[in-house]
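Please look through the sequence and the structure shown here before reading on. The explanation takes the chains one at a time.

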Amino acid sequence: MSSFGWMMKLNINGSEVEIDVEDRMPLLWVLRTELGLLGTKFGCGKGLCGACTVHVDGRAQRSCITPASSVVGSSVRTIEDLGSPENPHPIQQSWIDLAVPQCGYCQPGMQMAAAAFLAAREPDGVDSGPAAPPTDEEVRRSITNICRCGCYERIRRAVVTAGTVG
Amino acid sequence: MKFTRRTFLVSGLVAGGGLAVGLCAGTVGVGLHDRRAHQQDGLDGEGVLVALWIEIRPDNSVVVLTPHTEMGQGANIALGQIVAEELELPWSQVRVEQAPADRAFSNGNVIQGFIMEDDVLSGFFRRVIENAFFLAGDLANVQMTGGSTTVRFTGWRSMRMAAAAARSVLVAAGGIRLGVPVHELTTVDGRVVHPKSERSLRYGELAEEAARLPVPQDPALKDPEKYVHIGKSHARDDIPDKVFGRPVYGIDCVVDDMLHVAVVGTRSIFASVDTITNEDAILARRGVKPSWWSKKEWPWSQTIHGVLSRLHSPSSSPRSRRPTPPNPRKPFCQK
């Protein structure tokens, strides 16, 4: 059918898209060059820095080392769908309140990682009550993204704040 | 105060009838480098800009043009604060814009500041030195950001003086318009005010007139005791966009006929590339242009070669059926 590889259907930010790309083309490049979703950034290309972090079925995943073919049947969510100025995600609100980003390049990935981290802590049973606010140590251990501007302290505070409010 | 009139102020009309105040190195007595002419050339053509401008537009907005890069460090906010302070502006009236990458914006002041800090020079020697620094700035075509120079030199030294000079000519223009002596006038919130008669004029109304007046070389600077912007924290206006993944970075730029190049070096120094063993396989890939280049005369004798390719760009994806992105935005960049 296709001379490049696979014709595949993906679910990106709630819409079905059909792409025709080389086998094993990383999800990052599908998002950026095939779909024009430029919010997700390329950093190291080796899954180390986390600038390319997106959600796959709600879990944070490095899209630069994720073959697009591996997310067929899953839901992918990018920074473009996390929130909007009118309706910001709690992470985005606390990011603004605490003036977290400096240059901002790593921040889409950072926020996706933070949002997934908070979502994973939410109670799954009705009787379990609200999750306790995340501890600093928990944030440090769970979010491994790199920020070259060194905004870690504000990032940590913003995650704890969003986790406490939400 | 250590400031020693090491710059001379010039002013002029810009297209659209605004007042612009900039700084130039000494032009009197020494013919080494006529900064003033250099800048005034820029006033003739539309969109041509000169060093260290503060532009007052007829709609009363004040635009600070900065020759420095804002990458989230807050430099633009600091420059805006300095100008707002000396010009007696409400924060909402100030805008900071990036100066174009033009030689007219080369910034010798930064070089001088780096080397001489606030050393005081005098007389003829001073002018020679100043000219030399601006000439050096022009030759190097310097627009640089680093070492806190934006605030220490461009902001605190140059833009503060330019703003004070702008205020001075606006007051003078207000005096002429209202027919009152200058010492009876004051400036409040972007207006020249005459308290006695309770009359006032917006800066925007006076800009054209003010631009025709001689610019003071030694404008009075505001008493730091009365600062309302400097020393306060103003919110950075670049943050909301950054939180929603919206800024356009270099990697997001798409221009017509853009090609990407994959650069590969040899693995050891002094080695060179004869053939690319998988060249056929590379050329067979989608979008790869049937040409690669090789640069053998690299300074460290290492051969660098690159493969040109046209990746799918968002504007020309030929094969995939593109969805409407939930938050579509067309990346663009100026050439």
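What follows describes the overall build of chain A and then a sheet of chain B with the helices that pack on it, all in a predicted model.

Chain A has a secondary structure of five helices and five strands, and, read from the N terminus, these elements come in the order β-β-α-β-β-β-α-α-α-α. The radius of gyration of chain A is 16 Å, which agrees with the value near 15 Å that a compact globule of 166 residues would have. The C-alpha trace of this chain spans about 50 × 40 × 30 Å along its principal axes. Of the 166 residues in chain A, 49% are buried, and among the contacts with a separation of 6 or more, 62% are made by residues 24 or more positions apart.

In chain B, attention turns to an open sheet of three strands, which are ordered S6-S7-S8 and pair in the antiparallel sense. Its edges are formed by strand S6 (186–188) and strand S8 (199–202) of chain B, each of which pairs on one side only, and from one strand to the next the twist averages 30 degrees. Strand S7 of chain B, residues 191–194, is joined to S8(B) over four antiparallel bridges, and in this pairing B:His194 stands opposite B:Arg199.

Helix H5 of chain B (residues 149–178) packs on this sheet and touches S6, S7 and S8 of chain B, with its direction at about 50 degrees to that of S7(B). Helix H6 of chain B (residues 203–210), for its part, lies across S7 and S8 of chain B and runs at about 70 degrees to S8(B).

How values were computed: Residues are numbered from 1 along each chain as its sequence is written. Chains are lettered from A and ligands numbered from 1 in the order in which they are written. This is a predicted model: local features need pLDDT of at least 70, side-chain atom pairs count only at pLDDT 80 or more; totals for chains, interfaces and linings use all residues. Two strands pair if DSSP finds at least two bridges between them. Helices (H or I, at least four residues) and strands (E, at least two) are DSSP runs, numbered from the N terminus. Axes are lines fitted to C-alpha atoms, for helices over the stretch in contact, and angles run from 0 to 180 degrees between N-to-C directions. Two residues are in contact if their C-beta atoms, placed from the backbone, lie within 7 Å. The radius of gyration is taken over C-alpha atoms; the globule rule is 2.2 Å times the number of residues to the power 0.38. A residue is buried if 20 or more other C-beta atoms lie within 10 Å of its own, exposed if 12 or fewer, and partly exposed in between; C-beta atoms are placed from the backbone.
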